[in-house]
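Let's walk through this model together, starting with a charged pair and ending at the ligand. Please keep the structure open as you read.

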Amino acid sequence: MTEEDLEHIAHGYRQFVAEAEPTSPLYADLARHVAASPAVLGFLAELPTGKRQPNLLFAALQFLGGAPADGLDLERRITEDGDRVREVLLTRATQTNEPARCGALLPVLAQLDGPLTLIEVGTSAGLCLYPDRYGYDYDGVRVGPTGSVRIRVETSGNVPVPQRVPEVVARIGIDLNPLDPADPGDRAWLRALVWPGPAAEERLARLEAAAEVAAAEPPTVLRGDLVDRLPDALEFAAPGSTVVVMHTAVLPYVPRDARARFADAVGGLPVRWLAQEPPGAVPGTGERPAGGWGREFVVSLDSRPLARSAPHGGRLEWLVGGLEASGT
Ligand SMILES: C[S@@+](CC[C@H](N)C(=O)[O-])C[C@H]1O[C@@H](n2cnc3c(N)ncnc32)[C@H](O)[C@@H]1O
């Protein structure tokens, strides 16, 4: 391990401080401490490169014994319990599953000709495959069943808030490492991935409720890469349905060449392609006429940007032109 390795890891943690500050001041503090701690940086440097990042380390610690109280507590736990932390880092991955993202997908799904087959690539535990089972509140306008999963969305622009949820007749998920919403260990890992902060309580409650929905009516799950398994997924589409290939917060994990192959594959199929991803991850979604995208995600249909959304859902801004321009 060289000084350069340690500095590289410290740099990643310093960058994470700004990302975490608005939603999780505790994680921002922990990241600051790690960036300045030779002991923790040394521990991380012994791990493979994809296993050193802040959100994975902090989730592993939450999984094992709750979030550290502060930087000193984090350092003590890594010194005293390093083997168990290492094992979780090596066997788990960042697979945050946030059903609130359905609040940004619903206005688009509801305008497509139904019934719908949903094929979600990068599905994690499949919690975004149930947009028809959740209840929504778009600035006070309620949509969907009044069950235990409630998704609040602040809107701006001309969001086409639907009057009802779409009919979904088949749900298929693809993931390199699917999580099982009925498995207590996977559920505990999903909880550990939620950052501590003002929104955590609401997110955790929603996660539990959505996992119950998914466990009661499991989707068809295919393990493997999104490009390789897409043809297999199509075999499970319901006859006569509109097939929607969808994904949220997945493409940042996919290497550029594989992203391009995925875009080519989806573009050549008789399906609709719904994405909620960082700007530019889907071809044609990198530009915004005025202003920047900031940290927002872009909601796109068939490569056409329709809206921008908060990365974990909760806010949705419709772009001028919206769905009319997309020809749904
Ligand atoms: C951040 S999670 C997002 C989960 C879910 N889409 C959501 O928004 O709540 C990203 C998921 O993509 C999966 N993933 C990453 N690369 C993949 C690939 N090449 N093929 C299939 N799944 C992949 C990961 O395993 C992980 O479960």
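D29 is partly exposed, with a relative accessible area of 43%; buried means under 20%, exposed over 50%, and partly exposed in between, using a 1.4 Å probe and protein chains only. Its partner R32 is partly exposed too, at 39%. The two side chains meet in a salt bridge, 2.6 Å from N to O (a side-chain nitrogen of Lys or Arg within 4 Å of a carboxyl oxygen of Asp or Glu). Both residues lie in helix α2 (residues 25-35), three residues apart, about one turn of the helix; helices are DSSP runs of H or I, at least four residues, numbered from the N terminus.

Before going on, note that this is a predicted model, where local features need pLDDT of at least 70, side-chain atom pairs count only at pLDDT 80 or more, and totals for chains, interfaces and linings use all residues. Residues are numbered from 1 along each chain as its sequence is written, and side-chain values use heavy atoms, leaving out hydrogens and water.

Now look at R203 and E98, whose closest N and O atoms are 2.7 Å apart in another salt bridge. R203 lies in helix α8 (residues 200-216) and E98 in the loop between α5 and α6 (102-109), so this pair ties together parts 105 residues apart in sequence. R203 is buried at 10% relative accessible area, and E98 is buried at 2%. Salt bridges with shared partners join E98, R152, E202, R203 and R206 into one network.

Finally, turn to the ligand. One of its oxygen atoms is 2.3 Å from an N or O atom in the side chain of T248, and an oxygen is 2.6 Å from such an atom of D175.

How values were computed:
Polar contact = N/O pair within 3.5 Å; in protein donor to acceptor, adjacent residues only side chain to side chain. Helix = DSSP H or I, 4+ residues; strand = E, 2+ residues; numbered from the N terminus.
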